[in-house]
Amino acid sequence: MRIDLHTHSSASDGTDSPAELVRKAAAAGLDVVALTDHDTTRGHAEAVAALPEGLTLVTGAELSCRLDGVGLHLLAYLFDPDEPELLRERELVRDDRVPRARTMIGKLRELGVDVTWEQVARIAGDGSVGRPHIAEALVELGVVPTVSDAFTPEWLADGARAYAPKHELDPFEAIRLVKAAGGVAVLAHPAAVKRGRVVPESAMAELAAAGLDGIETDHMDHDRATRARLRGLAADLGLLVTGSSDYHGSRKTCVLGEFTTDPEIYGEITRRATGAFPVPGAGGPSAA
Ligand code: AMP
Ligand code: ZN
Ligand code: FE
Ligand code: FE
């Protein structure tokens with residue numbers, strides 16, 4: 001079984017539509033894929049409708065959180081998408097992304113970059129707008145060579161010249177909401193130092209005590225030593241460990257299934273979840 005529990009579609013800042021994403025996941029030989037767009041479940045219906053036979057979809061979202069000034073991402077799986085409290089928080093975070101992007105564009109213009117909201121809105125389409133979309137605009141304008149190159153103190157990294165904060169959740173509150181909606185909470189890429197500051201191990205212990213289910217140890221932003229250290233920490237804290245690609249289509253270099261999750265851990269995640277169930281692919285209308 002090949003299980004990839006963290007991917008993005010064009011419902012947020014990935015480049016594949018949800019339908020394309022599940023087709024590519026099946027073609028990549030995955031048995032299970034989780035769709036975890038930033039702060040939204042909007043891609044789920046399309047992914048379910050297009051789900052190829054033999055592929056199971058885990059519905060989820062990656063929630064933007066901040067703790068003591070440090071940004072962190074919480075992967076939430078198999079929660080009830082209609083639970084009103086969590087739904088309202090997702091909407092608050094997502095809706096704040098638009099004025100925040102406009103603020104960042106204003107800062108870039110002050111820095112002499114001729115980027116416009118219209119350009120960024122075109123790139124984002126109907127996806128939840130984020131820094132990767134602004135980064136792509138900078139690539140189009142020839143300001144930086146790649147999307148990743150825009151995530152520096154010069155441009156869009158946390159605290160950078162053109163950075164602006166968005167509404168983010170307190171992770172303790174986010175864990176509470178996810179659990180109350182029947183979901184399972186896993187801290188995404190907790191030691192991805194190249195993205196900026198990360199939370200200390202003491203904070204992970206506090207999050208574990210607050211009900212966190214697991215941490216994503218195997219991720220492209222963790223080197224081998226970091227993965228081993230995080231596995232040790234997870235064992236100490238009684239946390240599950242997951243692995244995933246954090247696939248974003250062509251906007252990042254990682255490929256589907258680049259890292260995967262152990263089937264036993266996947267089984268445990270599905271046992272803990274009560275808000276939604278994994279969706280087995282029936283083949284979709286075109287597969288008959
Ligand atoms: P936002 O949610 O709008 O603040 O944007 C954060 C997103 O930017 C992350 O979820 C990643 O998808 C992407 N990102 C962060 N750091 C980098 C990086 N160094 N290179 C490429 N993408 C990045
Ligand atoms: Zn992303
Ligand atoms: Fe993330
Ligand atoms: Fe992600």
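This is a short dialogue on reading a metal site and a pocket in a predicted model.

Trainee: What should I know before I start?

Mentor: Residues are numbered from 1 along each chain as its sequence is written, while chains are lettered from A and ligands numbered from 1 in the order in which they are written. In this predicted model, local features need pLDDT of at least 70, side-chain atom pairs count only at pLDDT 80 or more, and totals for chains, interfaces and linings use all residues; side-chain values use heavy atoms, with hydrogens and water left out.

Trainee: Which residues coordinate the zinc ion (ligand 2)?

Mentor: Donors are N, O and S atoms within 2.8 Å of the metal (3.2 Å for Na, K and Ca), and water is not among the atoms, so sites may look incomplete. Here Asp13 (OD), listed twice, joins His38 (NE2) and His248 (NE2) at 2.0 to 2.5 Å. Along the chain, the donors of this zinc ion follow the spacing D-x24-H-x209-H. The zinc ion (ligand 2) and the iron ion (ligand 3) are separated by 5.7 Å.

Trainee: Are Asp13 and His38 buried or exposed?

Mentor: Buried means under 20% relative accessible area, exposed over 50%, partly exposed in between (1.4 Å probe, protein chains only). Asp13 is buried at 5%, and His38 is buried at 9%.

Trainee: How many residues line the largest pocket?

Mentor: On a 1 Å grid over the protein atoms alone, a pocket is an open set of points where a 1.4 Å probe fits, with protein on both sides within 12 Å along at least five of seven lines; lining residues have an atom within 4 Å of a point. In this case 45 residues line the largest pocket, with His73, Arg131, Phe151, Arg195 and Lys252 nearest its centre.
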